[in-house]
Amino acid sequence: MKLIEGPQGPRVIVDGRETILLCSNDYLGLANDPCVKAAAVEAIKKYGFGSGASRLVSGNMEPHEALEEKIKNFKGTEAALVFNSGYHANLGCISALAGRSTEVFSDRLNHASIVDACILSRAAIKRYPNRNMDFLESLLKKSKAKSKLIVTDGVFSMDGSIAPLDDMACLLDKYGAMLFLDDAHATGVLGKGGKGTLEHFGIVHPSIIQMGTLGKAIGAFGAFVASSKELIDLLVSKARPFVYTTALPPSVCAAASKAIDIIGQNPDLIELLRDNTRYFKNGLAGQGLNTLGSATHIIPIVTGDAKKTMEMSATLLEKGVFIQGIRPPTVPENTSRLRVSITAVHSKEDLDSAIFAIKETVGEN
Ligand SMILES: Cc1ncc(COP(=O)(O)O)c(C=O)c1O
């Protein structure tokens, strides 16, 4: 693990040296935003630090419910429930929705927390090749299960591709399936208002349950599920990673609420992220690099061999650019990669320096 001194930002101190940070999920630069920090400090003054208990005992404090109200309005759903992390939310929601009589249809490139959640649910798991809707439909057609649940990332965390939700939504009514959408990397990023993958496609559908994280573009920590009130009520009593854990510190909720306000009031932030993403991709174009046709701010540079990838990551760091190498089991064998994530707060000079270093380092190998 690399040690970061000081706060997250477009440039960070790693091992005593200033470097351009291109592997953080703080996509909008809100983790160190002065208003977000002030909201956390104010909440600490008013509510103290710890929450003292789980939500169902005595840890349910005003900032928790205020954040849920904010998320519900942001997402345009009937209700929302905050979880302690995306990992908790996936485990809790998927295992509450699916049981022994359920078939879960899961994209092969779904996040590890979804994989673990499916196992924990004890449902039968059917995996389909990444974003392959024909294959998914063939599985749904064959299924005799009483209850069917499709699970997908909205933006695939290691590829930067977007799940084809427009096609997937057509399968829901046809096969009587529900959809659990993990919008960890789309929340605050995709769609005009940063509301996620459904906004990106213009989809409104009652059988879609949305999960999002608060630790990535929202710049805080934690996660949420946004859906019908009926489902949220069920999760409150049935999602074990919600029931049996101490509630988030109230200051974390206050910071997340402030960040959601900032996103709502500053649509230019999302535009800046898109502009920086375009700029970076144009800068790398024509180099013969395999970026898997990334459609978002997450840009993999596939380098193949795991050892070589980690060496390139180290060389880049020596040149003042921090891009973490990602290798199996996080990604399939022989697809190790440098996973670049662009943020709204990188300057064009930062991006130019990174593009130069990448061309030199990956080009040499
Ligand atoms: C797609 C996806 N889902 C869930 C998670 C887990 O979220 P958290 O970091 O809040 O536990 C992550 C990343 O961490 C992710 O990339």
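This passage describes the central sheet, the elements packed on it and the ligand shell. The model is predicted.

Seven strands make up an open sheet. Their order is 4-10-9-8-7-5-6, and the pairing is mixed. Strand 4 (79–83) and strand 6 (124–128) lie at the edges. Each has a single partner strand, so one side of each is left without a neighbour in the sheet. From one strand to the next, the twist averages 20°.

Strand 8 (residues 177–182) is flanked in this order by strand 9 and strand 7. With strand 7 (residues 147–153), strand 8 pairs in the parallel sense, over six bridges. Two positions of strand 7 illustrate the register. Lys148 stands opposite Ala177 in strand 8. Thr152 has Leu181 of strand 8 as its bridge partner. Strand 9 (residues 208–213) also runs parallel to strand 8, and four bridges join the two. Here Phe180 is partnered by Ile209 of strand 9.

The connection between strand 7 and strand 8 passes through helix 7 (residues 165–175). This β-α-β crossover is right-handed.

Burial of strand 8 follows from its surroundings on both faces. In a regular strand, side chains alternate between the two faces of the sheet. On one side of strand 8 lie Ala177, Leu179 and Leu181. Met178, Phe180 and Asp182 lie on the other. Every one of these residues is buried, and both faces of the strand are covered. Six of the six residues of strand 8 are buried, so the strand is largely enclosed by the rest of the structure.

Two helices pack across this part of the sheet. Helix 5 (residues 112–121) lies across strand 5 (102–107), strand 6, strand 7 and strand 8. Helix 5 runs at about 165° to strand 5. Helix 6 (residues 133–142) touches strand 5, strand 6, strand 7 and strand 8 as well. The direction of helix 6 makes about 150° with that of strand 6.

The ligand is surrounded by 14 residues. The closest are Ser85, Gly86, His111, Ser157 and Ala184. Helix 4 (residues 86–97) supplies the largest share of this shell, with three residues. By residue class, the shell divides into nine polar, three nonpolar and two charged residues.

Technical notes
Residues numbered from 1 in each chain as written. Predicted model: local features only at pLDDT ≥ 70, side-chain atom pairs only at ≥ 80, totals over all residues. Pairing = 2+ DSSP bridges. Axes fitted to C-alpha atoms, helices over the stretch in contact; angles between N-to-C directions. Contact = placed C-beta atoms within 7 Å. Near = placed C-beta within 6 Å. Nonpolar A, V, L, I, M, F, W, Y, C, P; charged D, E, K, R; others polar. Buried ≥ 20, exposed ≤ 12 C-beta atoms within 10 Å, placed from the backbone. Right-handed = clockwise from strand over helix to strand, strands pointing away.
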